[in-house]
Amino acid sequence: MDSVPQMPDQQTRNAVTRRITAHVTAGWPRLGEPLVRYRGQYCYVAALLPGHREPTPILRLRYQGSADDWAIGIYKASTGQYSESELPGAFGGTTGTPEQGIDETFILYAGPGTGN
């Protein structure tokens with residue numbers, strides 16, 4: 001049985017960071033460049049929302065063994081935690097590409113993107 005890598009390698013992290021940055025700046029240019037950081041199997045994405053002084057956590061992606069396959073978790077300001085099971089049902093599944101994760105979570109924090 002093949003095991004899934006527990007965390008993305010540096011090449012994957014670099015590529016995914018470029019994809020996230022490009023997708024956010026194209027879809028939500030008023031937010032500027034997102035803050036992307038990694039810790040273990042997780043990729044955290046925050047953005048400077050209008051009216052805020054500090055970047056707001058929005059999204060956590062959990063690595064599933066591929067640059068195109070991540071579990072999508074939304075940040076819940078009410079609890080200060082991320083949840084992979086509480087995206088609204090109208091959105092896609094709880095796994096997908098980084099771009100799908102952005103589309104499903106950023107709309108809730110920053111409104112529709114320019115391409116949506």
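# A tour from helix H2 outward

Select helix H2 and the elements packed over it: the cover on the buried residues of H2 includes H1, S2, S3, S4 and S6. The model on your screen is predicted.

**The whole chain.** Zoom out before going further. The protein has 2 helices and 6 strands. Reading from the N terminus, their order is α-β-β-β-β-β-β-α. Of its 116 residues, 38% count as buried. Among contacts with a separation of 6 or more, 47% join residues 24 or more positions apart. Turn on the surface: the accessible area is about 6500 Å², and carbon and sulfur atoms hold 49% of that.

**Helix H2.** Select residues 98-110. Which residues of H2 are buried? They are Pro98, Glu99, Gly101, Ile102, Glu104, Thr105, Phe106 and Ala110. Now check the length of H2. At 1.5 Å a residue, its 13 residues should span 18 Å, and the C-alpha atoms at its ends are 17 Å apart, which agrees. Look along the axis for a kink of about 25°, centred on Glu104. Step past the end of H2 to Gly111, where phi is positive, near 80°.

**The nonpolar core.** Show side chains for the next stop. The largest nonpolar core has 19 residues, and those with the most contacts inside it are Ile20, Leu31, Cys43, Leu59, Leu61, Ile102 and Phe106. At least two residues of this core come from each of H1, S2, S3, strand S4 (69-76) and H2. Which element gives the most to this core? S3 does, with 4 residues.

Pick Leu61 as an example. Leaving aside residues up to four places away in sequence, Leu61 touches Ile20, Gln41, Tyr42, Cys43, Trp70, Ala71, Ile72 and Pro98.

**Strand S2, at Ala46.** Select residues 42-47, which form strand S2, and find Ala46 there. Is Ala46 buried or exposed? Ala46 counts as buried because its relative accessibility is 10%, and the cut-off for buried is under 20%. Beyond residues up to four places away in sequence, Ala46 touches Pro34, Leu35, Pro55, Thr56, Pro57 and Ile58. Measure from Ala46 to Leu35 in your viewer: the two are 11 residues apart along the chain, and their C-alpha atoms are separated by 5.0 Å.

**Strand S3, at Thr56.** Thr56, one of the residues that Ala46 touches, lies in strand S3, residues 56-66. Thr56 has a relative accessibility of 12%, so it also counts as buried. With residues up to four places away in sequence left out, the contacts of Thr56 are Val45, Ala46, Ala47, Leu49 and Tyr109. Ala77 is 21 residues from Thr56 in sequence, and the C-alpha atoms of the two are 9.1 Å apart.

**Helix H1, at Thr12.** Select residues 10-27 for helix H1, and find Thr12 in it. The relative accessibility of Thr12 is 14%, so this residue counts as buried. Tyr63 and Ala67 are the residues that Thr12 touches, not counting those up to four places away in sequence.

**Salt bridges.** Colour the charged side chains for this last stop. Side chains of opposite charge can pair when their charged atoms come close. How many salt bridges does a search of the whole structure find? There are 4.

Start with Glu99 and Arg19, whose closest N and O atoms are 2.8 Å apart. This pair links distant parts of the chain, with Glu99 in helix H2 and Arg19 in helix H1, 80 residues apart. Arg19 is partly exposed, with a relative accessible area of 23%.

Move to Arg60, which forms a salt bridge with Glu84; their closest N and O atoms are 3.4 Å apart. Arg60 is in strand S3, while Glu84 is in the loop between strand S5 (81-83) and strand S6 (95-96), 24 residues apart. At 14% relative accessibility, Arg60 is counted as buried.

Glu84 also forms a salt bridge with Arg62, where the closest N and O atoms are 2.6 Å apart. Arg62 lies in strand S3 and Glu84 in the loop between S5 and S6, so this pair ties together parts that are 22 residues apart in sequence. Arg62 is partly exposed, with a relative accessible area of 24%.

Finally, select Arg19, Asp68 and Glu99 together: salt bridges that share partners join these residues into one network.

Methods
Residues are numbered from 1 along each chain as its sequence is written. This is a predicted model: local features need pLDDT of at least 70, side-chain atom pairs count only at pLDDT 80 or more; totals for chains, interfaces and linings use all residues. Side-chain values use heavy atoms; hydrogens and water are left out. Buried means under 20% relative accessible area, exposed over 50%, partly exposed in between (1.4 Å probe, protein chains only). Contact means heavy atoms within 4.5 Å. Accessible areas come from the Shrake-Rupley method with a 1.4 Å probe; for residues, only the protein chains shown count as cover. A nonpolar core is a set of buried Ala, Val, Leu, Ile, Met, Phe, Trp, Tyr and Cys residues joined through side-chain atoms within 4.5 Å. A salt bridge is a side-chain nitrogen of Lys or Arg within 4 Å of a carboxyl oxygen of Asp or Glu. The expected span of a helix is 1.5 Å times one less than its number of residues. The bend at a residue is the angle between axes fitted to the seven residues ending there and the seven starting there.
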